[in-house]
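Visitor: Could you take me on a close look at the places where the two ligands sit, and then show me some of the surroundings?

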Amino acid sequence: MKAVLLDAASLGPGIDLAPIRQRVDTLEVHDVTTREQATGRLAGAEVAIVNKVVLDAPTLEALPDLKQICVLATGTNNIDMTTADRLGIRIDNVTGYGTASVAQHTLMLMLALATRLPCYQRDVAQGRWRESRFFCLMDHPILQLEGKHLVIVGQGELGTRVGQLAEAFGMRVSFTARPGNEAQDTRPGLRELAPQADVISLHCPLTEATHHLVDNELLTSFRSDTLLINCARGGVIDEVAALDALRAGHLGGFGVDVLPVEPPRDGHPLLEALSEALNLIVTPHSAWITPEARQKIISLTADNLDAFLMR
Ligand SMILES: NC(=O)C1=CN([C@@H]2O[C@H](COP(=O)(O)OP(=O)(O)OC[C@H]3O[C@@H](n4cnc5c(N)ncnc54)[C@H](O)[C@@H]3O)[C@@H](O)[C@H]2O)C=CC1
Ligand SMILES: O=C(O)C(=O)CO
């Protein structure tokens, strides 16, 4: 069986691919692959192993030998799932590999936004502490998390762990109804919970139902000190609307680990706004990248290959 790994560079350094090699006859490894290169590189392969390469309908339709796609990630929004399903191509992603890593990153964003870290760091760098009339600076209000209300979208692996860590800080945690399924869900929807939230954190997949889930209309229902965090996928929030709300003082802080296009080669308004005096943090999709998490992706992918071989 021939497998082709299209974007090995995205796994980072020090990752042992042996568990995958042991399960296939041939493993062809490419560092990076563009959408346009994918068809040629996957020709004749039964298994495609990808992290973020886009496998769209024309690509999949041109690959009659392809039987399985192993996604080296939880999110599968780069794969045309409907076409894969129609063509009988099995999709296996990995979940639970980076729970500690992503939850830690989410809490980091929550703590940094709550303590106005971007604002105080900027003030200190600009010499404002040296010039203070008294021993400290206190120009930016700090949110004490204890007793505050965290609203989470997505009660899966990551949302659940973030909720547990937040409870350790004394926060009250609510999970929203699954977007697109509010009528069948006993939990209140995000629209109902948003006006009561001190912090909102997103941990759902990017789907048609979650695209721009946080839009301009929803943002107007937020309290002006609410902190908004997205470690899920770019596009679940209308980032430009959230940035406008932050600039207008209608949002207390905004932290994102993800953008709609990655890497953001053509720029993004949030990147430009980093030079402004805002409670804004952008991290480069790095929530998942602890060595432990990255190596676990390989062992879970080996399990997915086993499941395919034993089908
Ligand atoms: N920033 C990063 O480094 C990482 C980001 N992610 C993102 O976080 C997301 C969540 O990851 P996990 O908690 O591990 O996944 P999971 O599959 O364990 O949980 C996802 C949850 O979202 C819920 N959900 C809400 N709306 C949904 C909808 N419209 N369709 C389907 N499910 C919906 C599901 O019911 C489920 O409870 C991933 O889909 C991925 O996009 C995942 C890993 C790393
Ligand atoms: O696992 C995921 O979905 C990630 O975003 C990290 O690649």
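Guide: Here is a walk through the ligand sites, followed by some salt bridges, a loop and the surface.

Please keep in mind that this is a predicted model. Let's start with ligand 2. The residues around ligand 2 are N51, K52, A73, T74, G75, Y97, R233, H285 and W288. By class, that shell divides into three nonpolar, four polar and two charged residues. Which side chains bring a polar atom to an oxygen atom of ligand 2? Y97 is one of them, with a polar side-chain atom 2.6 Å from an oxygen atom of ligand 2. R233 places a polar side-chain atom 2.7 Å from an oxygen atom of the ligand. For H285, an N or O atom in the side chain is 2.7 Å from an oxygen atom of ligand 2. Taken alone, ligand 2 exposes 230 Å², and the protein buries 92% of that.

One residue of this shell, A73, also gives us a way to place a residue elsewhere in the chain. Q104 sits 31 residues from A73 along the chain, and the C-alpha atoms of the two are separated by 18 Å. Q104 belongs to helix α5, which spans residues 99–114. Is Q104 buried or exposed? Its relative accessible area is 53%, so Q104 counts as exposed, given that the cut-off for exposed is over 50%.

Now for ligand 1. How many residues surround ligand 1? There are 24, and the closest are E157, L158, P179, C231 and D257. Sorted by class, the shell has 11 nonpolar, nine polar and four charged residues. Several backbone atoms come into the picture here. In Q155, a backbone N or O atom lies 3.4 Å from an oxygen atom of ligand 1. G156 has a polar backbone atom 3.2 Å from an oxygen atom of the ligand. W288 likewise has a backbone N or O atom, at 3.4 Å from an oxygen atom of ligand 1. On its own, ligand 1 has 860 Å² of accessible area, and the protein covers 84% of it. You may remember W288 from before: this residue is also listed around ligand 2.

Let's turn to charged pairs within the protein. Side chains of opposite charge can pair when their charged atoms come close. The structure holds 12 salt bridges, and we can visit a few of them. D185 pairs with R187, and their closest N and O atoms are 2.9 Å apart. D185 is buried because its relative accessibility is 16%, where the cut-off for buried is under 20%. Its partner R187 has a relative accessible area of 27% and is therefore partly exposed.

R223 and D225 form another salt bridge, with the closest N and O atoms 3.3 Å apart. R223 counts as partly exposed at 31% relative accessibility, and D225 counts as partly exposed at 32%. Elsewhere, salt bridges that share partners join D123, R128 and D139 into one network. Within it, the bridge between D123 and R128 has its closest N and O atoms 3.3 Å apart. D123 is buried, with a relative accessible area of 7%, whereas R128 is partly exposed at 32%.

Next comes T210, in the loop between β8 (199–202) and α9 (216–219). With a relative accessible area of 4%, T210 is buried. What does the side chain of T210 reach? One contact is with the backbone oxygen of P205, at 2.7 Å. The side chain of T210 also reaches the backbone nitrogen of T207, at 2.8 Å.

Let's finish on the outside of the protein. F134, F135 and M138 make a nonpolar surface patch of about 400 Å². M138 lies in the loop between α6 (117–125) and β6 (149–153). At 59% relative accessibility, M138 counts as exposed.

Conventions: Residues are numbered from 1 along each chain as its sequence is written. Chains are lettered from A and ligands numbered from 1 in the order in which they are written. This is a predicted model: local features need pLDDT of at least 70, side-chain atom pairs count only at pLDDT 80 or more; totals for chains, interfaces and linings use all residues. Side-chain values use heavy atoms; hydrogens and water are left out. Patches are made of residues with over 30% relative accessible area and no salt bridge: like charges are joined within 9 Å, nonpolar side chains (Val, Leu, Ile, Met, Phe, Trp, Tyr) within 5 Å. Accessible areas come from the Shrake-Rupley method with a 1.4 Å probe; for residues, only the protein chains shown count as cover. A salt bridge is a side-chain nitrogen of Lys or Arg within 4 Å of a carboxyl oxygen of Asp or Glu. Helices (H or I, at least four residues) and strands (E, at least two) are DSSP runs, numbered from the N terminus. Buried means under 20% relative accessible area, exposed over 50%, partly exposed in between (1.4 Å probe, protein chains only). A residue is near a molecule or strand if one of its heavy atoms lies within 4 Å of it. A polar contact is a pair of N or O atoms within 3.5 Å; within protein, one must be able to donate a hydrogen and the other to accept it, and residues adjacent in sequence count only if both atoms are side-chain atoms. Ala, Val, Leu, Ile, Met, Phe, Trp, Tyr, Cys and Pro count as nonpolar, Asp, Glu, Lys and Arg as charged, and the others, Gly among them, as polar.
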